[in-house]
Amino acid sequence: MKNKIFEHKSFFKGVADIVIWTGITLLAFLLRLDGDLSGYLTTALLATGILFLVKFALIYYMGSYRQSWRNTGFNDIFHIVAMVSILTVPYTIIVLLGRSVINLPLSIPIIEFFLSILALTSLRAGTRFFIKYRIPRVNNHGETRRILIAGAGESGTLVAKEMLKNKDAQMQPVAFVDDDLSKRTQKFMGIPVKGTVFDIPNIVRRMNIDEIIIAMPSESGDVIRRVVEKSRQTDASYRIIPPLYDLLCGKVSISQIRNVDVEDLLRRKPIQLETQEIRSYIQNKKVLVTGAGGSIGSEIVRQISRFNPKHVILLGRGENSIHQLVREIDNEIPDLKYCIRICDVRDLTTLSKIFENEQPEVVFHAAAHKHVPLMEENPSQAIFNNVMGTRNLVNLSVEHRVSHFVNISTDKAVNPTSVMGASKRIAEHIVEWGSSQAKNGEIFVSVRFGNVLGSRGSVIPIFKDQIRKGGPVTVTHPDMVRYFMTIPEASQLVLQAGALKNNGAVYVLDMGDPVNIEQMARDLIKLSGFEPDVDIKIEHTGIRPGEKLFEELLTAEEGTDMTRHEKIFMARKHGVLDNLGQRLNQLKKVAEDGNKELIKEAIYNFVPTYSGFKNGVNKKKEQAEDMLA
């Protein structure tokens with residue numbers, strides 16, 4: 001059916017070409033003779049008839065009727081000029097040589113040449129203009145929406161171009177807004193810039209805007225928040241183009257437009273990576289990623305794929321998450337060479353075989369238990385997984401001379417109040433021990449950062465589910481704040497930290513400003529189309545076991561040193577803990593017994609800044625009071 005439609009279109013285009021081109025012959029005579037054909041009528045009709053046959057043959061054999069008028073370009077115009085020239089050259093020669101026989105002015109073929117090119121190209125250009133830029137096509141599903149685009153930069157103009165090109169999307173861009181005042185009087189793609197972000201409510205009302213598209217993929221969350229606030233003052237809906245690191249190859253399309261999410265309000269300027277340094281330790285290397293099916297692990301796999309690793313070993317305990325990642329890799333990164341290894345990092349026997357068989361050269365250790373309340377209830381599992389699992393990997397990496405070992409840590413490891421945070425602090429000590437065993441050129445580091453937006457353990461999915469059910473949205477405390485970073489941003493900085501070559505370092509990522517959790521909940525309620533405290537209630541449930549009101553990225557005694565990268569700092573080193581192996585064995589033994597309080601006491605003896613063991617904290621207070629007395 002579709003092929004028949006195309007055949008009909010080609011037929012009508014061919015008819016239009018032959019009718020217009022044939023009519024040009026008579027028009028050339030009329031123009032040359034000032035409208036008086038007396039004495040030339042027979043010649044004009046004869047020339048028109050003969051040329052009709054020639055033109056019909058040229059249109060058929062050169063296929064001009066198959067051109068897409070909707071997408072007419074310079075190649076099509078060149079094709080028209082060539083076709084008309086093939087007729088005009090012999091036509092002119094015949095008139096010139098046969099002047100004594102043919103009663104025909106020499107200028108007529110020349111006039112017809114220019115008129116034909118003008119008419120045939122105008123037919124195509126005019127059709128393209130009216131189809132693509134002026135005639136909104138409305139299908140059976142509804143009317144074309146009038147679009148205001150926030151951002152008249154490259155992304156905004158690309159979005160406008162896509163809308164004009166793809167009429168099935170039923171989106172007609174009618175104006176831009178941009179805070180760059182130099183663009184105020186300009187037009188892009190024929191669409192005017194009507195004002196700044198501040199003018200959005202006025203422009204929406206004045207121009208009957210149906211939807212606002214925020215096309216600012218490189219802008220910070222503060223700018224996006226301003227646009228959203230102004231958009232919410234109107235009756236128009238609003239959506240957004242994802243940030244740059246979410247756009248494949250930097251290309252923008254209508255299909256990527258989505259609803260504004262809270263991540264957009266918190267995002268920061270794109271990170272400038274030193275890609276050559278990252279490439280130098282990943283390219284053509286075998287890379288092992290633990291926890292590869294998790295939020296951070298899977299994103300690390302996506303990021304390292306850009307740097308041409310020789311082979312990637314996807315190690316994870318959960319087969320479903322690994323399976324989902326593999327499907328994504330096969331669809332979106334088909335050139336990536338990988339293997340799958342289902343293994344728990346606590347399983348030293350299986351891990352040893354993997355290291356022996358695969359011989360990884362770079363290790364990113366992202367596997368960990370991360371849920372604070374769950375680890376408070378199951379402290380032995382935090383020790384087995386986060387501590388002993390890290391020990392297994394570090395020992396094997398030292399044994400097999402891994403060139404780079406990067407451990408994913410957390411801000412909860414600083415002055416830990418939770419078992420989870422303390423277990424990650426001990427893991428940092430283990431990695432530091434590994435650095436002391438490293439040979440020249442081998443790097444063992446930890447990277448410490450806060451919460452990641454969109455991860456499985458993030459509070460945002462919980463808030464969204466509560467909003468979907470009509471509330472209430474539960475916040476533990478009105479003053480609770482957290483550092484947040486997007487998954488791609490955190491993963492990119494992890495790769496960058498691995499390239500800095502400071503063996504034994506604990507890197508601290510620049511997390512920006514801390515975010516109030518209740519304010520985040522309110523933003524999310526608004527983005528869902530509701531009013532906080534009116535449509536959706538907010539309830540305070542109290543701080544959970546092991547939680548802090550404020551997270552820290554450094555201990556008080558650490559301090560930081562600058563690195564070459566502006567968003568990565570380095571905690572000052574204090575050396576490897578004495579008798580680390582013996583202390584780890586003792587901790588493992590206590591964890592195997594399963595007594596929660598004894599486990600916490602053992603953790604406290606390992607990490608003196610751990611405040612989750614109440615007896616230890618009380619002892620410290622008593623000692624301090626005795627000293628003051």
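Two strands are taken to pair if DSSP finds at least two bridges between them. Helices (H or I, at least four residues) and strands (E, at least two) are DSSP runs, numbered from the N terminus. The structure is a predicted model, in which local features need pLDDT of at least 70 and side-chain atom pairs count only at pLDDT 80 or more, while totals for chains, interfaces and linings use all residues. Residues are numbered from 1 along each chain as its sequence is written, and side-chain values use heavy atoms, with hydrogens and water left out.

The protein chain contains 21 helices and 22 strands. Of its 629 residues, 52% are buried (under 20% relative accessible area, 1.4 Å probe, protein chains only).

An open sheet of seven strands with mixed pairing follows the order S3-S4-S2-S1-S5-S6-S7. Strands S3 (187-188) and S7 (258-259) form the edges; each has a single partner strand, so one side of each is left without a neighbour in the sheet. Within this sheet, S5 (residues 211-214) and S6 (residues 237-240) pair in the parallel sense over four bridges, and Ile213 stands opposite Arg239 in S6.

Elsewhere, helix H15 (residues 419-437) and helix H19 (residues 580-593) have axes that come within 11 Å and cross at roughly 145°; axes are lines fitted to C-alpha atoms, for helices over the stretch in contact, with angles from 0 to 180 degrees between N-to-C directions. Contact means heavy atoms within 4.5 Å. On the H15 side, Ile426, His429, Ile430 and Trp433 meet Leu580, Leu584 and Leu587 of H19.

Note on methods. Buried means under 20% relative accessible area, exposed over 50%, partly exposed in between (1.4 Å probe, protein chains only).
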